[in-house]
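This report looks at how side chains pair up in one protein chain. Charged groups come at the start, rings follow, and a lysine without a partner closes the account.

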Amino acid sequence: MAGIPARLAEETGVPRHSTLASLVFALCYRLNRKVVAPSRVIQKELEKFRKAPAAAIALLATPTSFPNPRTAARRGEAFEIAYVGRFEEVKNLDVLLDAFEEFRRGKNNARLSLVGSGAQKAKLEARAKELGLGTAVNFFSVSSDPWQEVRTADLFVLPSSS
């Protein structure tokens, strides 16, 4: 429409749009060469409601296995926990911070790395400070290799409800 040779769309959630909004999104998706679905749930949603042609949907799922995982932390080493994703309410990162604070009571040298961005970042940073987690929690922006923190972690967490 704008003379751009390639058009891409991304669906990041399974929203509850109004009927009009659903029609607009479906039209936009049909005008794109590819629609990126970051999970199988979203891929199935797009296919089920024919919001996009199945051949146009590209699944870009979160990996469930990572190359060269580190061996478990040895005595005296910090126990590393990592999260990669959006800093949004649906991801339950406030619950993760509370659980991490409780976990640290038994493992003083545990660390949590949160990799991503989103609307909840400032709130999460304030919550970590309120819990007295200090340098035990590190916030990282997404980079070209967001899984770097995961490869060096002992535990990967994904507390998301969606």
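E130 is exposed, with a relative accessible area of 60%. The model described here is predicted. In it, the side chain of E130 meets that of R127 in a salt bridge, 2.4 Å from N to O. Both residues belong to helix 4, and because they are three residues apart there, about one helical turn separates them.

**The fold**

The protein chain contains five helices and seven strands. Along the sequence they follow the pattern β-α-β-α-β-β-α-β-α-β-α-β. Of the 162 residues in the protein chain, 30% are buried. The accessible surface of the chain is about 10,400 Å². Carbon and sulfur atoms account for 55% of that surface. Contacts reach far along the sequence: among those between residues at least 6 apart, 68% join residues at least 24 apart.

**Salt bridges**

Side chains of opposite charge can pair when their charged atoms come close. The structure holds four salt bridges. Three of them are listed here, including the pair already described.

| Pair | Closest N to O |
|---|---|
| E80 and R111 | 2.2 Å |
| R127 and D98 | 2.6 Å |
| R127 and E130 | 2.4 Å |

Take E80 and R111, whose closest N and O atoms are 2.2 Å apart. E80 sits in strand 4 and R111 in strand 5, so this pair ties together parts that are 31 residues apart in sequence. The partners differ in cover. E80 is buried, at 11% relative accessible area. R111 is partly exposed, at 37%.

R127 also forms a salt bridge with D98, at 2.6 Å between the closest N and O atoms. Here the link runs between helices: R127 lies in helix 4 (residues 121-130) and D98 in helix 3, so parts that are 29 residues apart in sequence are tied together. R127 is partly exposed, with a relative accessible area of 24%. D98 counts as partly exposed too, at 32% relative accessibility. Together, D98, R127 and E130 are linked in a network of salt bridges.

**Aromatic pairs**

How many aromatic pairs does a search of the whole structure find? There are three. In one of them, the rings of F79 and F103 have their centres 5.6 Å apart and their planes at 50°, so the pair is tilted. F79 lies in the loop between strand 3 (57-59) and strand 4, while F103 lies in helix 3, so the pair ties together parts that are 24 residues apart in sequence. F79 counts as buried at 19% relative accessibility, because the cut-off for buried is under 20%. F103 is partly exposed, with 33% relative accessible area.

F87 and F139 form another aromatic pair. Their geometry is edge-to-face, with 6.0 Å from centre to centre and 90° between the planes. F87 is in the loop between strand 4 and helix 3, and F139 is in strand 6 (residues 137-140), so the pair ties together parts that are 52 residues apart in sequence. F87 counts as buried, at 0% relative accessibility. Ring pairs also bring in Y83, linking Y83, F87 and F139 into a cluster.

**L114 and its surroundings**

L114 is placed in strand 5 (residues 111-117). It is buried, with a relative accessible area of 1%. What does L114 touch, not counting residues up to four places away in sequence? The list is Y83, F87, L93, L96, L97, V137, N138, F139 and F140. The ring cluster of Y83, F87 and F139 is thus among the contacts of L114. The C-alpha atom of L114 is separated by 9.4 Å from that of R86, 28 residues apart along the chain.

**A lysine without a salt bridge**

K91 lies in the loop between strand 4 (80-86) and helix 3 (93-106). K91 is buried yet has no salt bridge. Why does K91 have no salt bridge? The nearest side chain of opposite charge, E88, is 9.4 Å away, and a salt bridge needs the nitrogen and the carboxyl oxygen within 4 Å, so E88 does not qualify. K91 has a polar contact instead: its side chain meets the side chain of S160 at 3.4 Å.

Key:
Residues numbered from 1 in each chain as written. Predicted model: local features only at pLDDT ≥ 70, side-chain atom pairs only at ≥ 80, totals over all residues. Heavy atoms only, no water. Helix = DSSP H or I, 4+ residues; strand = E, 2+ residues; numbered from the N terminus. Buried < 20%, exposed > 50% of the residue type's maximum accessible area, 1.4 Å probe, protein only. Lys, Arg positive; Asp, Glu negative; His and termini not counted. Polar contact = N/O pair within 3.5 Å; in protein donor to acceptor, adjacent residues only side chain to side chain. Contact = heavy atoms within 4.5 Å. Areas by Shrake-Rupley, 256 points an atom, 1.4 Å probe, with all protein chains shown as cover. Phe/Tyr/Trp six-rings, centres within 6.5 Å; stacked < 30°, edge-to-face > 60°.
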